[in-house]
Amino acid sequence: MSTILVLAPPPAEALVDSVLSPHQIRDDLRGEFRGALHFDAPARALYATDASPFQITPLGVAVPVDEADLQAIVRYAHENQISLIPRGGGTGLAGEALGWGLVVDLSTNFRAVGPVAGDRVTVQPGVTHAELNAALALHGRRFAPDPASSQACTVGGMVATNASGGNAFRHGYTRDYVHALRVVWDNATADDLSADPPAGVRPERTIEIRAQTAALLAENRDLIQLTRPLTRFNRCGYVLHDALTPAGLNLAKILVGSEGTLGFVTSATLRTVPLAGGTCYAILGFASVDAAVKGGLALRPAEGVTGCDLFDQRLLALAAATRAADGVGPIPPTVGAALIVTVEAETERRAMQLTQDALAAVQDTHRAVVLMEPACNPDNVGRVRRFREHSVGSLYALGRGPRPVSCVEDVAVPVEELSRFLTELRGLLNKYDVTATILMHVLTGQIHTRPLVDLDAPADRVKLWPLAESVHALALALGGTISTQHGTGLARTPWVEKQYGPLIPVFRELKRVFDPKSILNPGKIVGPDPSRPAWPLRPVLVAQVPTPTTTPVANGTADPPAPADPPAPAERTPLLVWPASSPAATAGACNGCGDCRTRSPASRMCPVFRASGAEAATPRAKANLLRHMLDPASAAEKLSADDVRAVADLCVNCKMCRDECRGRVDVPKLMLEAKAFLQAEYGWDRGDWVAARIEMLAALAGNFAFTTNFLLASRTGRWAIEKIFGVSRRRALPRFTHRTFLRRARTAGLTRRDAAAEGSAGKVAYFVDTYANYNDPLIGEATVAVLRYNGFTVHVPRRQRGSGMAPLAQGDAETAREIAAYNVRTLADLVREGYTVVCSEPTAALALTQDYLDLSDDPDTRLVAANTVELTTFLGRLHDAGRLRTEFRPLDVALGHHVPCHLKALHGPTAGPRLLELIPGVRVHTIDVSCSGMAGTWGLRAENYAASLAAGGPMLAELNRPRVLFGSTECGACRMQMQDGTGKRTLHPVQYLALAYGLLPEVGDKLGRPLGRGVTD
């Protein structure tokens, strides 16, 4: 059985890579540095990895708030010889943002996009590529390079690595679009760099750097040209060949692609291009990779062709196995490789014509089959994009075991050498007994080879270095480069000298000119530290961890450790059920790609990260935390309960990261496991206790409903509630009812089973949960009325409790397990009698179908899970089968319907909007742009109120549109947020259905009443 972590306070000894202690650094910078400084073990662990296979725990993390703050930390590092590692989104595949010094996170606060002026825009380094292009699209423009990690990679990272993408054949590299940079030099001097620098007094440091660099490049002009690779698609090392021209020296060009080794970029002025009038995609199939390469090269002269991405058979097979190709259709087994062809033109009609002409030539001469016809319409374009993204994403869904590793994935050769390179590459893979996937940008000769190896297996780990030696040597022998898109970083710095040979002294001198103390991202491009491992691969995780050395107390703090010998290791079994995995395996499955840092409205990934922008809030950070705990190399640096709780509490169990992660890493379950351990060993603070006991408190509030509602409507009462229970006084809370729904159901005879009254459509057991029971019984009445109207016998089990999701989300696994067992005992007998369990609350349905299985692995739990369904999904199935009555009365209303996260996590179709559209006169605007931000009980707490509204901002903005009169959603917590954030009354869809059926006129009365300011019904 797997084991789970044990915690203790961090050691007091000084951290590596600095003669100064963290306490001294903090004291020295007090009053000088306004941003956040983190030297605690969890924060350092969160920045120890990126999307590469490497891991380095840094000295600490600094998060400056602005340029002056950055200057303060640079100045201090310069004076005290502390190395600094710039970091953006941490999406690099080469370990560019990893190091033993102080990581400087520019992704949190440097997020401004300046006004668009003609073809120029100035942007700060923390803005993501996707956010920049969303802002530019409003002006009909775009930033042309298109890296695959667009949603998460930052502009600063793109400048640092000279990023490109699949359209590099036409649109080139980032440095082709950089007009000017603002930079902070090694001594904290700031200056503006551009191709045509403004006249006036320049900082002395800039004058010094400019003079020495110009002399260095002029002296070595011929050598620089002589050592260039034959392929023009190269970004390895420092790109110098065009920085010095008769017009002068362009320092900005040298900074682009320097990976933070020469200076910090605080803003970039970029050239933009118009949006393409028409973009067309098509997919071709070929019998082999070699045939696909020849077909792709035949497209190079074709007008308008922008990209030509090749996927080998193994990649296609993985895509099919993970259903990534569903939008395109089955791929014939005779297809050994596929090409995704992209064509841009001034109009869609022209793009379509150019694509058809190009494909016709390839089909005739290269025996290609069309797997997907040319498509310009948004639906088909979306299908092709999803196929491309999911095909690559399928690599990350492999879990542990053999997985794609980035080490030789970034070579390029002249296009005429592609066939030879592929032939010899196959021989090398056979030699080292390694399988691999190949994704290739054929037009540019860029080959992304991903060996599939198990980094937990020593026999596989030892293959990587010699394989890299051989593959890089092959690329260089053919006139290619070892780095064409993804950066040099840790992955390729050991081979830079082999590529450039006699130019290396020039690189070293350039580094000395810009950074004489070598404090800026040392060990990248030149000057690897021989005392450090060249490839610090992530360690193998273990299941055994140290026993705690602290005495737990109820508030989560710990007594100082006694000066005793370290205890012997002890095993500890998980508190949740892990039938097919373990905490270690799940944490290890995260590859750190950074996709979970997205703020795209099209995704639901982590609402807390959307609100805060902090790395600690990302799902990746949670996996890193568990990895650190289970890393034997970190055993000496134990973590305190408060350390872990600070990160674990940033997970609100919405489960969206689990479902949107390309690797399907179940981070919410990892955090439930961690919280369960913390609660079992160290107890709770008051806020956690309140959140976990929400049903008990709701029952208590209902027993004194008049008094409770009076207090909720009073400013003084809400202030007292905040002080006592931690619930925000600014949150408009729902009214409590004295007659709960279960009491009403008992009075109405719904809790008795009467076979004689059995409906013709079937039997339903209604599971109510907390909100409909204690706050809005009208939801329960509407549910019963609608189900009965459609011919169902409805039984409300008297012996039912709330779902238990609240205590589980706070880590009280034992209470949640007790509640689950209680409910399962009742519901399992009903299921065996032919009842279907229906939940009006998506969270309850999620608990019964998924979370209970994590608490108990027994036949009755599985039986209940298999026969439980959420209410609108149940009604939607009835409609699809032609069994739902549709004789609705007209309702002249416009509704904004929010799709809750927990409904999406059930993995079924979203039926709510479809059902509402059946009502004549109802105009439904589906809002599926973000989480509501409420996140169950998380948004109730005073410290989370502002962040909760920020996280739900996109959804609330849509609901606030004048075209929307009322809100609609299945989730009780979301309804609370929607009403609080917009002032628009929001109901459950079943209430609108009941009103339209003419069953509950009191719903209409409710819609006509204004919402209360402090308490609402």
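**A colleague's note on this predicted model**

1. Let's start at K517. Setting aside its neighbours within four places in sequence, K517 is in contact with H78, E79 and Q81. Please keep in mind as you read that this is a predicted model. You will find K517 in the loop between α17 (504–514) and α18 (583–588). Its relative accessibility is 32%, so K517 counts as partly exposed. There is also a long step along the chain to notice here: K517 and D186 are 331 residues apart in sequence, yet their C-alpha atoms are 8.4 Å apart in space.

2. One of those contacts, Q81, deserves a look of its own. Q81 sits in the loop between α3 (67–80) and β3 (84–87). What is notable about the phi of Q81? It is positive, at about 55 degrees, although Q81 is not a glycine. As background, most residues other than glycine have a negative phi. Q81 has a relative accessible area of 47%, so it is partly exposed.

3. A second residue with this backbone feature is C606. Its phi is positive too, at about 30 degrees, and C606 is not a glycine either. C606 lies in the loop between α18 and α19 (607–612). Is C606 buried or exposed? With a relative accessibility of 8%, under the 20% cut-off, C606 counts as buried.

4. Now for the interior. The largest nonpolar core has 112 residues, and those with the most contacts inside it are I254, F421 and F514. Apart from this core lies another, of 73 residues, among them C590, L625, A816 and Y835. As a general point, nonpolar side chains tend to be buried together in soluble globular proteins.

5. F514 gives a good view into the largest core. Which residues does F514 touch beyond its neighbours within four places in sequence? They are W185, D186, R205, I209, T213, L251, I254, L255 and L262. Two names here may ring a bell: I254 is listed with F514 among the core residues with the most contacts, and D186 is the residue whose C-alpha lies 8.4 Å from that of K517.

6. Helix α10 (residues 289–298) shows how a helix can turn one side inward. Its buried residues are V289, A292, V293, G295 and G296. Seen down the axis of α10, these residues fall within an arc of 165 degrees, so they line one face of the helix. The cover over them includes the strands β14 (278–286), β15 (305–312), β16 (337–345) and β20 (435–441), as well as the helices α12 (348–366) and α14 (418–431).

7. Helix α25 (residues 694–703) can be read in a similar way. L697, A698, A701 and G702 are its buried residues. Down the axis of α25 they span an arc of 140 degrees, so they too line one face of their helix. Among the elements that cover them are α24 (686–692), α26 (705–712), α27 (715–725) and α29 (770–774).

8. There is empty space inside as well. How many cavities of 30 Å³ or more does the structure hold? There are 12. The second largest holds about 190 Å³ of space. It is lined by 19 residues, and the closest to its centre are C590, C593, C596, C661 and V665. By class, the lining has 11 nonpolar, four polar and four charged residues. C590 has appeared before, as a member of the 73-residue core.

9. C654 brings together two stretches of the chain. It lies in the loop between α21 (641–648) and α22 (656–660). With a relative accessible area of 10%, C654 is buried. C654 and C901 are 247 residues apart in sequence and 6.0 Å apart in space, C-alpha to C-alpha. Beyond neighbours within four places in sequence, C654 is in contact with P607, C901, H902 and A905.

10. Finally, compare two loop residues. V796, in the loop between β24 (792–795) and α31 (805–809), is buried, with a relative accessible area of 0%. V796 touches F741, L742, A745, L750, T751, Y766 and V768, not counting residues up to four places away in sequence. D529, in the loop between α17 and α18, counts as partly exposed, at 38% relative accessibility. The C-alpha atoms of D529 and C280 are separated by 48 Å, while V796 and R420 are 71 Å apart, C-alpha to C-alpha.

Terms used: Residues are numbered from 1 along each chain as its sequence is written. This is a predicted model: local features need pLDDT of at least 70, side-chain atom pairs count only at pLDDT 80 or more; totals for chains, interfaces and linings use all residues. Side-chain values use heavy atoms; hydrogens and water are left out. A nonpolar core is a set of buried Ala, Val, Leu, Ile, Met, Phe, Trp, Tyr and Cys residues joined through side-chain atoms within 4.5 Å. Buried means under 20% relative accessible area, exposed over 50%, partly exposed in between (1.4 Å probe, protein chains only). Contact means heavy atoms within 4.5 Å. On a 1 Å grid over the protein atoms alone, a cavity is a set of points where a 1.4 Å probe fits but cannot get out, and a pocket is an open set with protein on both sides within 12 Å along at least five of seven lines; lining residues have an atom within 4 Å of a point. Grid points are joined across faces, edges and corners, and a volume is the space filled by probe spheres set on the points. Ala, Val, Leu, Ile, Met, Phe, Trp, Tyr, Cys and Pro count as nonpolar, Asp, Glu, Lys and Arg as charged, and the others, Gly among them, as polar. Helices (H or I, at least four residues) and strands (E, at least two) are DSSP runs, numbered from the N terminus. The arc is that of the directions from the helix axis to the C-beta atoms.
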